[in-house]
Structure formats: C-alpha cells, structure tokens
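Here are my comments on the model you asked me to look over, set out as numbered points. Please read them with the coordinates open.

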Amino acid sequence: MGLCGMAILNVVEWPAKVLETRANEVAVFNGELRQFVSDMFDTMEKAGGIGLAANQVDRLVRVLVIHISSKNEEPEDIRDWHDKKFVFINPSITSKKGKTKYLEGCLSFPEQYDYVDRAAEVTLVYKDEWGKDHSLEADGLFAICLQHELDHIDGVVFTSRMSRLKSGRIRKKMLQRNQISDMDEEG
Ligand SMILES: [Zn+2]
C-alpha cells in the first residue's frame, strides 16, 4: 500500500474481545502510524461516525480520531471544534467539570442508542501523529465524543456506563444480531 493510498478498515462489533481490552501507549511516531491515522479517518467517514478508536479496527494502540460535522447545526450553534479533524495519541484527561447526558451511539454497536452520563467539560493532554505534545479543553458534543473514544482505548464500551437493565437489553440485541448474520452466511 502506498503512503497516499486510501484504506477502509474493518470495524469490529461487540462482543469482539478487542473492544474490552486496554490499548497500549504509542511509542513510535513514524509513517506507518500516520498512514494508520489516515486510514482511521477514511474508515470513520465511510461508516458515518464522528469518532473512532483504534480498538474498533482491531488494533490495541492508544489512537483516536474525531471529526464532527456542523452540517445539521444552526449557524449560532457552530463551534470552533466543528468540521476539524482531530487526532489524539496517548490522550489522558487531566480534569473534568460538570455533568451532561447525551443519546450516544457506537459504530461497534450498530443501530443501538441510549443515554450516557458524561462530564460536560474535559481538559486533556495528548500527542499528535508527529509525537508533539498538546493540551486542549473540550465541551459540548466534542467533550462527550472524546470521553466515549477514551473509554474505548481503556477497553470500556458505552454499555458499561448504562444501567444494568439498559446495558443488558443492548448486549442481548447485539448477540441476536451476530447470531442472525452467522445464519445468513450459512445460507
Ligand atoms: Zn464507540
């Protein structure tokens, strides 16, 4: 594969074990890493997601990407983080403020949505794909998305943040969904 190539990676669905495994810190910031980041953006855009963590494409590295479109927002609701491609490598939340609740979905749980409690604002430190250090304050949907993706690299799926009842309902649907697709493949 050339360095300018586009690759769509396979998005794994729960109950894949990789989704509940903690990812490792990135130590080497090279062309291979930057190609992987580019592939993650291509994969996320094609799947129609706003965030993607490496665990979801079967790689146990602490890499996540976010790109939130403003296309469904009223002009007064457009924020500075809209329509920007963010790469977070080895991210770590240093402070949290306030509380919020949002109807979350996940590319690894297709068609499953439920409310999850999150901090309203987060401050984090991270590296970019060149190994340079950054820090950032996030709020709104950007902060929610960051917390969801950070959970992924810690091996935490969003159902773990729900009540046992809601989590059980979604996990059951996912098990049924994957049984149904196995049967389809067998004809
Ligand atoms: Zn997710």
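The points below go from the overall fold to the metal site, the main pocket and the backbone.

1. This is a predicted model, in which local features need pLDDT of at least 70 and side-chain atom pairs count only at pLDDT 80 or more, whereas totals for chains, interfaces and linings use all residues. Residues are numbered from 1 along each chain as its sequence is written, and side-chain values use heavy atoms, with hydrogens and water left out.

2. The chain holds three helices and seven strands, taken as DSSP runs (H or I of at least four residues for helices, E of at least two for strands) and numbered from the N terminus. Their order from the N terminus is α-β-β-β-β-β-β-β-α-α. The radius of gyration of the chain, 17 Å, agrees with the value near 16 Å for a compact globule of 187 residues; it is taken over C-alpha atoms, and the globule rule is 2.2 Å times the number of residues to the power 0.38.

3. The zinc ion has as protein donors Cys106 (SG), His148 (NE2) and His152 (NE2), at 2.0 to 2.2 Å, and the spacing of these residues in sequence is C-x41-H-x3-H. Donors are N, O and S atoms within 2.8 Å of the metal (3.2 Å for Na, K and Ca), and the site may look incomplete because water is not among the atoms. His148 and His152 sit four residues apart in helix α2, about one turn of the helix, and both are buried, that is, under 20% relative accessible area, where exposed is over 50% and partly exposed lies in between (1.4 Å probe, protein chains only).

4. The largest pocket encloses about 690 Å³; of its 29 lining residues, Gly48, Gly49, Ile50, Gly51 and Gly105 are the closest to the centre. A pocket here is an open set of points on a 1 Å grid over the protein atoms alone, where a 1.4 Å probe fits, with protein on both sides within 12 Å along at least five of seven lines, and lining residues have an atom within 4 Å of a point. The volume is the space filled by probe spheres set on the points, which are joined across faces, edges and corners.

5. Most residues other than glycine have a negative phi, and most peptide bonds are trans. Three places deserve a look: the peptide bond between Trp14 and Pro15 is cis, with omega about 20 degrees; Asp58, in the loop between β1 and β2, has phi near 70 degrees; and Glu111, in strand β5, has phi of about 65 degrees. Glu111 is exposed, at 64% relative accessible area.
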